[in-house]
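Please open the model in a viewer and keep the sequence beside it. The stops below say what to select next and what is found there.

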Amino acid sequence: MAQKGGNLKTRLRRRSRVLAQIARALRLFVPMLRDVLRGRYRPVPWPAMLWMLAALAYLVSPLDLIPDVLVLVGVLDDAVIVGWLLTRVDAALAPYRAWREGGVGANEDDASMT
């Protein structure tokens, strides 16, 4: 029984980490896009952009793994798949996050060319 509680606690902690990744991806994507468009951040993080495009396409697409007509299950599958895609966005934004927090990496190549 104690092990069951430990497993539940571990699963909840893991899920909260995933939710934090999703929130972080959503908070960072728009500022990253703005920095890329203004030329302040290079190289362009294409994987993050593609993962975000996939998440948006899945949300607006009428084709689903489980149709939304099955209300609870249909919406749940959307949340799980889009959540997983957003964790991929978060992982792809790691270099941008490092650049933003410490100014490391991204524009060093541009500086050496001038």
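Begin by selecting Trp51, which is partly exposed at a relative accessible area of 31%; here buried means under 20% relative accessible area, exposed over 50% and partly exposed in between, with a 1.4 Å probe and protein chains only. This is a predicted model, in which local features need pLDDT of at least 70 and side-chain atom pairs count only at pLDDT 80 or more, while totals for chains, interfaces and linings use all residues. Residues are numbered from 1 along each chain as its sequence is written, and side-chain values use heavy atoms, with hydrogens and water left out.

Now add Trp84, which is also partly exposed, with a relative accessibility of 47%. Trp51 belongs to helix H2 and Trp84 to helix H3, so their aromatic pair ties together parts 33 residues apart in sequence. Helices (H or I, at least four residues) and strands (E, at least two) are DSSP runs, numbered from the N terminus. Rings of Phe, Tyr and Trp (its six-membered ring) pair if their centres lie within 6.5 Å; planes under 30 degrees apart count as stacked, over 60 as edge-to-face and the rest as tilted.

**Helices H2 and H3**

Widen the selection to the two helices that hold these tryptophans. The axes of H2 and H3 come within 8 Å and cross at roughly 170°. Such axes are lines fitted to C-alpha atoms, for helices over the stretch in contact, and angles run from 0 to 180 degrees between N-to-C directions. H2 and H3 are therefore roughly antiparallel to each other; angles under 35 degrees count as roughly parallel, over 145 as roughly antiparallel, 65 to 115 as roughly perpendicular and the rest as oblique.

Which residues of H2 and H3 meet? On the H2 side they include Ala48, Trp51, Met52 and Tyr58, and on the H3 side they include Ile81, Trp84, Leu85 and Val89. By class, this contact of H2 with H3 has 15 nonpolar, no polar and three charged residues. Ala, Val, Leu, Ile, Met, Phe, Trp, Tyr, Cys and Pro count as nonpolar, Asp, Glu, Lys and Arg as charged, and the others, Gly among them, as polar. Contact means heavy atoms within 4.5 Å.

**Helices H3 and H4**

Follow the chain onward to H4. The axes of H3 and H4 come within 4 Å and cross at roughly 50°. H3 and H4 are therefore oblique to each other. At this place Asp90, Ala91 and Ala92 of H3 meet Ala94, Pro95 and Arg97 of H4. The residues of this contact divide into four nonpolar, no polar and two charged.

**Tyr96 and its surroundings**

Select Tyr96 next. Is Tyr96 buried or exposed? With 1% relative accessibility, Tyr96 counts as buried. Apart from neighbours within four places in sequence, Tyr96 is in contact with Leu28, Pro31, Met32, Asp35 and Tyr41.

The count of aromatic pairs comes to four. One of them joins Tyr41 and Tyr96 edge-to-face, at 5.0 Å centre to centre and with 85° between the planes. Tyr41 lies in the loop between H1 and H2, and Tyr96 in helix H4, so this pair ties together parts 55 residues apart in sequence. Tyr41 likewise counts as buried, at 3% relative accessibility. Add Trp99 to the selection, and one aromatic cluster of Tyr41, Tyr96 and Trp99 is in view.

**The nonpolar core**

Tyr96 also leads to the largest nonpolar core, which has 21 residues; those with the most contacts inside it are Met32, Leu86, Val89, Leu93 and Tyr96. Such a core is a set of buried Ala, Val, Leu, Ile, Met, Phe, Trp, Tyr and Cys residues joined through side-chain atoms within 4.5 Å. At least two residues of this core come from each of helix H1 (2–37), helix H2 (46–60), helix H3 (71–92) and helix H4 (94–102).

**Gln21 and Thr87**

Turn to Gln21 in helix H1 and Thr87 in helix H3. Gln21 counts as partly exposed at 24% relative accessibility, whereas Thr87 is buried, with a relative accessible area of 6%. These two residues are 66 residues apart in sequence and 5.7 Å apart in space, C-alpha to C-alpha. Not counting residues up to four places away in sequence, Gln21 touches Thr87 and Asp90, and Thr87 touches Val18, Gln21 and Ile22.

**The whole chain**

Finally, show the whole protein, with its five helices and zero strands. Buried residues make up 29% of its 114 residues.
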